[in-house]
Structures are given as structure tokens and as C-alpha cells.
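Hi,

Here is the structure I said I would pass on to you. Have a look at it first, and then read my notes underneath.

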Amino acid sequence: VTENCGKLKMHEGRCMRRNLRVILLNCVFFFFKDCGVRPALGSHRIVGGVTARRGEWPWIGSLQYQRLHRCGATLIHNRWLLTAAHCFKSDSTPNNWAVSLGSVLRSGVGALVVPIHRVIIHPAFNGTNMDHDVALLELAVPAPMSYTIQSVCLPSPVHRFLKSAECYITGWGSMREGGSLTNLLQKAAVSIIDQTDCQQSYGSVLTSSMMCAGFMAGGRDTCLGDSGGPLTCRQPSGQWFIAGVTSWGHGCGRVGFPGVYTRVTSIRSWISTYLPF
């Protein structure tokens, strides 16, 4: 389907209007086929460990407030980042924010630091129940793609991430509840949890724009300082897609309380009102 869409674009100069929705969604994958790749690693598959290698997660950035790490953020386009809205609870002035890209060090040594030009908080964000906890950040200048800086792929609004998918959470947050931030980027393999199972833990607070990932037995989870970072899943093509944005949870890694993430497919149409695809 992707190849057909590409041929339509090359031979006719436009996507046919027949079945327009499906074709346009597939055009996304044609034009941004280089998203979700890790050129620094080639096809090598990382197994085990908690400290990430340089270039292993090239789309994650350290979102910094007045030069200090505040949240994680994910590069979804060379000019755009996705993060959590609650990161800007105290101050959403773009001039005070920047993102550090291309480094596994929270300190930003060897990183590319890009100022934030615009902060767009989802209009339906609810700071009380954390519904639609997501924000788009426009960079002041485009981020140059390299071996350590790449954009992750965006799913279509109707995409479904399977429980069997290989998924990871990444961030510089605390390695234990009540702990301090880590200087080296951490990674953890997690599973997507059925919405019904997660609602047994969180009840009606869990909305349709939220999803859970981790393990009901606890042990692997996002924590303080990881907010806004990505939950990414590898698809059969080998490309990595962002499934969720780290949002909230009851403690960190507690039994019966997995991490809660903003479901990217639920806000995909909103993203498209600002991004050119």
C-alpha cells in the first residue's frame, strides 16, 4: 500500500481522492519512511540492560527549563517535539525552554541544544485528571538529522499497538520512587496493558485518551523526571512508532499500578492541524 501511494504521488503529482483517508494516511509513511530508524545501530537489536547506548533512542530529548532538565520530549519532525502538557504548569513562556538532542547525558555534554519557539498545549488538557496531557513544541530552527538525532514515526489515528509488540520507555527520571534524577539515559522494556485491566487499578479516572504500559506486577515504570518522554514500539517493518507520552501514575513501579500515558492515536488528528502531514 505504501508503494502504491508513492507511485500515485510520483506519477500523478497528487494522491487520488478515492478512498482519500486511507491513501493520505499511507502517504505519511511514504514521505517519512526514514522515521523511527536508528542508523547508529544498524539492524542490531539491543537486549537487556538499563543504560541506553548513544544513538539507541535518537528521537528522545531532554526538555530543559532555564538550562535544567524538566521533562522528556520526542522528536516527531525536524521542527516539532511531542511532550506532556503538565511540564508547563508553572511557565509556558517559550524563551525559557530549550531541548537537548543527540546525547544520552542529562547534562547535555556533546548534545545539540535547540531553543523552543512555540509551546502549544492541547486545548482539552485537564490539569486535574490529566486528560489530554500533551503539548506540541515548535523548534526555533530545524534539528539536523544525524546518527544520533532522528524523528520517531507517528501512528495513524486508527493504528492499534498489540500487547505482543516490543515496546520501551526511556528517560532521565528517578530510578526509584523518591530517588534523584539519573545522568545517563535509561531504558526499560514494557508491555502494553489492556485498557480494561488498567481500569481495575485506576477506575473511571482512566479516560479513552490514556493508555497503560508496564507490568501489573510492578518493577518497571516511568518516574519523576520522565514525564513527556516516549513510549515507543517497534513495528514489523523494523521502524519505531510513538504509542504514548509519559503522563502520570500511582507511585513508580508499584504492584497493580502501571504507568499511564497519553494515547498518541487519540490526539493524532490534533497533531495534524499543526504538522504538514
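Below is what I found, going from the whole chain to the pockets, the cavities and a few single residues.

First of all, please keep in mind that this is a predicted model. The protein chain has 277 residues, and 52% of them count as buried. Its secondary structure comes to four helices and twelve strands. If you take the contacts in the chain with a separation of 6 or more, 65% are between residues 24 or more positions apart. The chain exposes about 12900 Å², with carbon and sulfur atoms supplying 53% of that area.

Now the pockets. The largest pocket has a volume of about 450 Å³. It is lined by 25 residues, and the ones closest to its centre are K187, A188, G219, R220 and D221. Two strands each supply at least two residues of this lining: strand 7 (166-171) and strand 8 (186-193). Sorted by class, the lining of the largest pocket holds nine nonpolar, ten polar and six charged residues.

The second largest pocket comes in at about 360 Å³. There are 22 residues around it, and H86, C223, L224, G225 and S227 lie nearest its centre. Strand 2 (68-77), strand 11 (240-248) and strand 12 (259-263) are the elements that give two or more residues to this lining. The classes here are eight nonpolar, eleven polar and three charged. Where does the second largest pocket lie relative to domain 1 and domain 2? Domain 1 (58-148) and domain 2 (151-264) both give residues to its lining, so the pocket lies between them.

There is some enclosed space as well. Searching the whole structure turns up three cavities of 30 Å³ or more. The largest cavity has a volume of about 80 Å³. Its lining is made up of R53, R54, G55, E56, W57, P58, I60, G102, S103, V104, T148 and L185. By class, that is five nonpolar, four polar and three charged residues.

I also picked out four residues for you to click on, two of them buried and two partly exposed.

Start with S100, which is found in strand 4 (residues 97-101). S100 counts as buried because its relative accessibility is 4%, and the cut-off for buried is under 20%. Leaving aside residues up to four places away in sequence, S100 touches I60, G61, S62, Q64, G108, A111, L112 and V113. You will have met I60 already, in the lining of the largest cavity.

Next is W270, placed in helix 4 (residues 268-272). Its relative accessibility is 11%, so W270 counts as buried. Which residues does W270 touch, not counting residues up to four places away in sequence? They are I120, I121, H122, P123, V134, A135 and L136. For P123, the separation along the chain is 147 residues, while the C-alpha atoms of W270 and P123 are 9.5 Å apart.

M216 sits in the loop between strand 9 (210-214) and strand 10 (230-234). With a relative accessible area of 33%, M216 is partly exposed. Again not counting residues up to four places away in sequence, M216 touches I193, D197, S201, V255, G256 and P258. P258 is 42 residues from M216 along the chain, and the C-alpha atoms of the two are separated by 6.0 Å.

Last comes P142, in the loop between strand 6 (135-139) and strand 7. Because its relative accessibility is 41%, P142 counts as partly exposed. P142 touches N78 and R79 once residues up to four places away in sequence are set aside. The C-alpha atoms of P142 and V114 are separated by 8.6 Å, with their positions 28 residues apart along the chain.

If you want a place to begin, try the second largest pocket, lying between the two domains, and then move on to the largest cavity and its lining.

Cheers

Technical notes: Residues numbered from 1 in each chain as written. Predicted model: local features only at pLDDT ≥ 70, side-chain atom pairs only at ≥ 80, totals over all residues. Heavy atoms only, no water. 1 Å grid on protein atoms, 1.4 Å probe; cavity = no way out; pocket = protein on both sides within 12 Å on 5 of 7 lines; lining within 4 Å. Points joined across faces, edges and corners; volume = space filled by probe spheres on them. Nonpolar A, V, L, I, M, F, W, Y, C, P; charged D, E, K, R; others polar. Domains from an automatic or database assignment. Buried < 20%, exposed > 50% of the residue type's maximum accessible area, 1.4 Å probe, protein only. Contact = heavy atoms within 4.5 Å. Areas by Shrake-Rupley, 256 points an atom, 1.4 Å probe, with all protein chains shown as cover.
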